[in-house]
Amino acid sequence: MEGKIIKGFGRYYTVKSGSEEYTCVLRGKIKQDKRLKRYSDPVAVGDLVAFSLNADGGGGVIETIHERKNIFSRKDRGNRKEDILASNLDQIIVIQSYDEPPFNLRFVDRLFVRGEKEGIPVLLCVNKSDLAGPEDEEYIRSYYKNTNMKVISASARTGRGLGEMKKMTAGKCSVLAGYSGVGKSSILNGIYPGLDLKTSTVSESTGKGRHTTTNVALVDVDDRTSIIDSPGLREFGLMDIEPRDLAGYFSDFRDYIDDCRFKPCTHDHEPECGVKKQVEAGGIFYDRYISYLNILYSLKEYYDNMYS
């Protein structure tokens, strides 16, 4: 039988085949597959699989994981293996809020880098526009104006931007990523009221959201549209990316990389750097460049410690 992984919990996976769902375990030989050893869990939500049913019909066994078109993964400091959050995606939707909790540009940029590396389009939805002023929206538009990432200002409370979000998700498999409290569930409930997802509040003492989603789960909204809701992410590691490769995943840098005198160039300390010239000329937003340096230094520190 053929199916799709829609949820995982420990050693058990929920496989959807047609309108039916089956609880399955993984065939032992898959765990020995060398292609999958780099991952903490060889199975991901969104995987297309072949599985067999147990004789008693009470569950099944996953026999094969079909080739993935892409993966959405992270690798944090101290972890030897990558964590796959989802696979076979059409887009990554990063949900942030203008306030309560405040917008985190560094976090968005890390997710944007992951999308660029894997060839997955990234859409940024900034919720709680009812709490923002015109200058807040203009800053984010300016920050990302020379990138290939679409930005939507939205409000789950007033309904602003929800129609555009529905158009952007229709007919696609999208994974939603963001902090707890930014309004992922509220946005989804506004677009697809039938989902009736739990919503979270923001802690007054920490300014951070309380988790309502504990496991990555896929929901088929209709025959063509799937939403993968991920747990509230506080950190997003990129430790599988070499420092020298990072700039290639900043889409607003690419046109200027060949203008650098030295190759390879990290666009940090090197003289006659095409990227730094564009920062000075205003072609690259200054704060976006600072975000690049922030990620670059974290990767350099990681690799320096690894080889020291």
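Helices (H or I, at least four residues) and strands (E, at least two) are DSSP runs, numbered from the N terminus.

**Figure 1. Overall view of the predicted model.** On that basis, the protein contains 8 helices and 13 strands. Along the principal axes, its C-alpha atoms occupy a box of roughly 70 × 50 × 35 Å. The radius of gyration is 21 Å, which agrees with the value near 19 Å for a compact globule of 308 residues. Of the 308 residues, 51% are buried. Contacts between residues at least 6 apart in sequence join residues at least 24 apart in 66% of cases. The accessible surface amounts to about 15000 Å², and carbon and sulfur atoms account for 47% of that area.

**Figure 2. Close-up of the ring pair Phe107 and Tyr179.** A pair of aromatic rings is described by the distance of the centres and the angle of the planes. The model has 13 aromatic pairs. In the pair shown, Phe107 and Tyr179 are tilted, with 4.8 Å centre to centre and 35° between the planes. Phe107 belongs to helix 2 (residues 105-118), while Tyr179 is in the loop between strand 11 (173-177) and helix 5 (184-191); the two are 72 residues apart, and the pair links distant parts of the chain. Both residues are buried.

**Figure 3. Close-up of the ring pair Phe250 and Phe253.** This pair is tilted as well, at 5.0 Å centre to centre and 35° between the planes. Phe250 has a relative accessible area of 0% and is therefore buried. Phe253 also counts as buried, because its relative accessibility is 0%.

**Figure 4. Close-up of an aromatic cluster.** Phe112, Tyr139, Tyr143, Tyr144 and Phe285 are joined into a cluster by ring pairs.

**Figure 5. Close-up of Arg11 and Tyr12.** The charged end of Arg11 is placed over the Tyr12 ring, 5.1 Å from the ring centre.

**Figure 6. Close-up of helix 5 and its cover.** Helix 5 is largely enclosed by the rest of the structure, because 6 of its 8 residues are buried. The buried residues are Lys184, Ser185, Ile187, Leu188, Asn189 and Ile191. Their cover includes strand 8 (91-97), strand 9 (122-127), helix 4 (162-169), strand 11 and strand 13 (226-229).

**Figure 7. Close-up of Lys184 in helix 5.** Lys184 has a relative accessibility of 7% and so counts as buried, the cut-off being under 20%. The side chain of Lys184 reaches the backbone oxygen of Ser230, at 2.8 Å.

Key. Residues are numbered from 1 along each chain as its sequence is written. This is a predicted model: local features need pLDDT of at least 70, side-chain atom pairs count only at pLDDT 80 or more; totals for chains, interfaces and linings use all residues. Side-chain values use heavy atoms; hydrogens and water are left out. Rings of Phe, Tyr and Trp (its six-membered ring) pair if their centres lie within 6.5 Å; planes under 30 degrees apart count as stacked, over 60 as edge-to-face and the rest as tilted. Buried means under 20% relative accessible area, exposed over 50%, partly exposed in between (1.4 Å probe, protein chains only). A charge sits over a ring if NZ of Lys or CZ of Arg is within 6 Å of the ring centre and within 35 degrees of the ring normal. A polar contact is a pair of N or O atoms within 3.5 Å; within protein, one must be able to donate a hydrogen and the other to accept it, and residues adjacent in sequence count only if both atoms are side-chain atoms. Contact means heavy atoms within 4.5 Å. The radius of gyration is taken over C-alpha atoms; the globule rule is 2.2 Å times the number of residues to the power 0.38. Accessible areas come from the Shrake-Rupley method with a 1.4 Å probe; for residues, only the protein chains shown count as cover.
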